[in-house]
Amino acid sequence: MKLSAFIIRAAAVAAAALAGTFSEMSACTGISFKAGDGSYVLARTAEWGGSDLQSRYVIVPRGFRHTALTSTGGTGLIFTGKYGYVGVAAEQDQFVLEGLNEKGLSAGLFFFPAYGQYPDYDSAQVDRTVPDMQVVSWILANFTSVQEVIDHFDEIIVTKLYPQAGTSHWRVGEPSGRQIVIEIVDGKTNFYENEIGVLTNAPGFPWQVTNLNNYVNLAFGEADGNAFSAWPQVRRFGAGTGMIGMPGDVTPPSRFVRAAYYQATAPQYPTAEETVMSCFLILNNFDIPIGVERQKDHAPVDIPGATQFTTATDTKGLKFYWRTCWNSTIRCIDLTSIDFAKVRYTVAPLDKVRQQPVEMITVR
């Protein structure tokens, strides 16, 4: 299916608005867990505090012909996907921010403003060009493992769709539990093994890991070694003294520390489903109210919360879960129930009805 020039230009305009908004208002937070049965779950939030993303889920069949966009309004890399996948897209169907393919490979885009730098657009390399907003689709459609992504990433040239837009970095995970972060800085692609299992936004991933050294005092449960323990009148007010000193703001470094703490102190659950539910509960702590991300006198009127959706992927069981700021009911697509050789390309809103269900309790 060939995109018309009009559609391509419209998509580029949408990408510019999206990336411009995200560069100022992004606050994505990612965590990951290994369940007792060996399942590997990756979960994340996605924030836009400025406007409605019109987020939708996409089901992409095996053999689908993908067309990458370029900043000139023309076409970039054109490729036929080897694998089918399910994901969440924003603004345009091809702008997949998070997804899972039929082989259990998970990929997600996290915005990385001011710290990344892509190569300049080169018209002579247009047939290798993929905009950052379509890298997740390229990964999910073509690969089955983290190593395959590393081995083939230099086959594409990642660019912006709009000169003033921010940049992104990516998280890729597989059923074995291996996870990497991909960052393009000064035109060079860097692959980082993510043994921490956490990702937010800027600064770069190595800095975020190093910054955890500032919080080695954080502890499970209650703080030990209280210097004032000899004085009986000095005692804790309640539970949680092991968390004293943990940053509470929503900047990316602070969210990285909190996510790492919650992840490190959470129990391991026996099954993937229990682990997924734990991820959603942990990520409740990263929901961002509208007031935090807006400028004074610029309150958006079309979204109830800045955390517009939260997802979790079970890479072993091949299940993709989500909830939204309009409806906190957790929904799921089971990829094992889809025949990706026959399914049609499908796009649908994340919420059929944008209203939080309320169960009324009748008392007699």
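This tour moves from the whole chain to helix α6, then to T275 and I157.

The model is predicted: local features require pLDDT of at least 70 and side-chain atom pairs count only at pLDDT 80 or more, whereas totals for chains, interfaces and linings use all residues. Residues are numbered from 1 along each chain as its sequence is written, and side-chain values use heavy atoms, with hydrogens and water left out.

**Whole chain**

Select the entire chain and colour by secondary structure: seven helices and 17 strands appear. Helices (H or I, at least four residues) and strands (E, at least two) are DSSP runs, numbered from the N terminus. The radius of gyration is 21 Å, close to the 21 Å given by the globule rule for 364 residues, so the chain is as compact as a globular protein of that length. That radius is taken over C-alpha atoms, and the rule is 2.2 Å times the number of residues to the power 0.38. Aligned to the principal axes, the C-alpha atoms fill a box of roughly 75 × 60 × 50 Å.

Next, colour by burial. Of the 364 residues, 52% count as buried; buried means under 20% relative accessible area, exposed over 50%, and partly exposed in between (1.4 Å probe, protein chains only). For contacts, defined as heavy atoms within 4.5 Å, residues 24 or more positions apart account for 69% of those with a separation of 6 or more.

**Helix α6**

Select residues 272–283, which form helix α6. At 1.5 Å a residue, these 12 residues should span 16 Å, and the end C-alpha atoms are 16 Å apart, which agrees. The expected span is 1.5 Å times one less than the number of residues.

Show side chains for the buried residues of α6: A272, T275, V276, S278, C279, F280, I282 and L283. To see what they pack against, add β1 (30–34), β2 (40–47), α5 (252–265), β14 (307–314) and β15 (319–324).

**T275**

Centre on T275, which lies in helix α6 and is buried, with a relative accessible area of 3%. Leaving aside neighbours within four places in sequence, display its contacts: F33, A35, V41 and Y269.

**I157**

Finally, move to I157 in strand β10 (residues 157–159). I157 counts as buried at 15% relative accessibility. Not counting residues up to four places away in sequence, I157 touches P119, Q125, R128, T129 and V130. A distance label from I157 to T75, 82 residues apart along the chain, gives a C-alpha separation of 13 Å.
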